[in-house]
Amino acid sequence: MKKSIATDKAPGAIGPYSQAVAADPFIFTSGQLPIDPATGKFAGMSIEEQTRQSLENISAVLRAAGLSMDAIVKTTVFLSDMENFAAMNKIYAEFFSEGSYPARSAVEVARLPKDALVEIEAVAVKA
C-alpha cells in the first residue's frame with residue numbers, strides 16, 4: 001500500500017505528484033528544487049545555497065514521514081552544470097554521517113525547472 005507524504009515545511013507540489021510517497025518500508029521523495037518554502041523563491045543563486053536548500057527540503061519531507069536524513073539509502077543529484085559538482089559535494093557531505101553515506105548518482109542535465117542549478121531526490125528506508 002502506498003501513502004502520499006506532504007508538509008508545508010518544503011515547497012508544495014506544483015503538478016500532479018506528491019512531495020514523497022511511502023511504500024513500506026521505503027520513502028521515495030520527488031526531486032526537490034532549492035525553493036525556500038517560506039518565500040516561494042530560490043534560497044540563493046549559488047550552487048552552495050541551492051544545494052543546501054534542496055537538502056533542507058528533503059529533510060523536511062522525511063521528517064513529515066517520521067524519518068531523518070540518516071534513513072536515506074540512495075540519492076540522485078541533477079546538476080545544470082557538472083562544473084558545480086565539487087561545490088555541491090562539499091555542502092552535500094554536511095548532511096550525512098561519514099561512514100554511512102547513501103549511494104548516489106549525479107548527472108548533468110540540459111535544464112532544470114525554473115532554471116535551478118540543482119535538484120535532488122532521495123530514497124529512504126524505515127528501520
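Student: What makes I47 count as buried?

Tutor: This is a predicted model, and in it I47 has a relative accessible area of 5%. The label "buried" is given under 20%, so I47 earns it with its 5%.

Student: Where does I47 sit, and what does I47 touch?

Tutor: You'll find I47 in helix α1. Leaving aside residues up to four places away in sequence, I47 touches L79, N84, A87, M88, L117 and V118. As for F96, which is 49 residues from I47 along the chain, its C-alpha atom is 18 Å from that of I47.

Student: How do you know whether T51 is buried or exposed?

Tutor: Look at the number again: T51 has 0% relative accessibility. Buried means under 20%, so T51 is buried. T51 belongs to helix α1, and its contacts, not counting residues up to four places away in sequence, are M88, I91, Y92, V118 and I120.

Student: And Q50, what puts that one in the buried class?

Tutor: Q50 comes out at 1%, and the cut-off is under 20%, so Q50 is buried. Q50 is in helix α1 too. With residues up to four places away in sequence set aside, Q50 touches P34, F42, G44, M45, A116, L117 and V118.

Student: Why is L55 called buried?

Tutor: L55 has 0% relative accessibility, and anything under 20% is called buried, so the name fits L55. L55 is in helix α1 and touches M69, Y92, F95, F96 and I120, again not counting residues up to four places away in sequence. Here's another pair to look at: L55 and E119 are 64 residues apart along the chain, and their C-alpha atoms are separated by 9.0 Å.

Student: Let's go to α2. Which residues of α2 are buried, and how do you know that they line one face?

Tutor: The buried residues in α2 are M88, I91 and Y92. If you look down the axis of α2, these residues fall within an arc of 105 degrees, so they line one face of the helix. On the other side of α2, A86 and K90 are exposed.

Student: What do the buried residues of α2 pack against?

Tutor: They pack against α1, β6 (72-79) and β7. Where the two helices meet, I47, E48, T51, R52 and L55 are on the α1 side, and A87, M88, I91 and Y92 are on the α2 side.

Student: Why are α1 and α2 called oblique to each other?

Tutor: Two packed helices are described by the angle between their axes and the distance between the axes. For α1 and α2, the angle is about 40 degrees and the axes are 9 Å apart. Under 35 degrees would count as roughly parallel, and 65 to 115 as roughly perpendicular. An angle of about 40 degrees is in neither range, so α1 and α2 are oblique. The crossing of α1 past α2 is right-handed.

Student: On to charges. Why is the pair of K126 and D24 called a salt bridge?

Tutor: Side chains of opposite charge can pair when their charged atoms come close. The closest N and O atoms of K126 and D24 are 2.8 Å apart. The rule asks for within 4 Å, so this pair is a salt bridge.

Tutor: K126 lies in the segment after β8 (118-125) and D24 in the loop between β2 (20-23) and β3 (26-29), so 102 residues separate two partners from distant parts of the chain. K126 is partly exposed at 32%, while D24 is exposed at 58%.

Student: What makes R52 and E94 a salt bridge?

Tutor: Their closest N and O atoms are 2.8 Å apart, and the limit is within 4 Å, so R52 and E94 qualify. This pair also links distant parts of the chain, 42 residues apart: R52 is in helix α1 (residues 47-64), and E94 is in the loop between α2 (85-93) and β7 (103-108).

Student: Why are R52 and E94 called partly exposed?

Tutor: That label runs between 20% and 50%. R52 is at 33% and E94 at 48%, so both fit.

Student: How do you know that D8 and K9 form a salt bridge?

Tutor: Their closest N and O atoms are 3.9 Å apart, and within 4 Å is what the rule needs, so D8 and K9 count. D8 has 63% relative accessibility and K9 has 55%; exposed means over 50%, so both are exposed.

Student: How many salt bridges are there by this rule?

Tutor: Four.

Definitions and conventions. Residues are numbered from 1 along each chain as its sequence is written. This is a predicted model: local features need pLDDT of at least 70, side-chain atom pairs count only at pLDDT 80 or more; totals for chains, interfaces and linings use all residues. Side-chain values use heavy atoms; hydrogens and water are left out. A salt bridge is a side-chain nitrogen of Lys or Arg within 4 Å of a carboxyl oxygen of Asp or Glu. Buried means under 20% relative accessible area, exposed over 50%, partly exposed in between (1.4 Å probe, protein chains only). Helices (H or I, at least four residues) and strands (E, at least two) are DSSP runs, numbered from the N terminus. The arc is that of the directions from the helix axis to the C-beta atoms. Contact means heavy atoms within 4.5 Å. Axes are lines fitted to C-alpha atoms, for helices over the stretch in contact, and angles run from 0 to 180 degrees between N-to-C directions. A crossing is left-handed if the near helix is turned anticlockwise from the far one by less than a right angle, and right-handed if clockwise.
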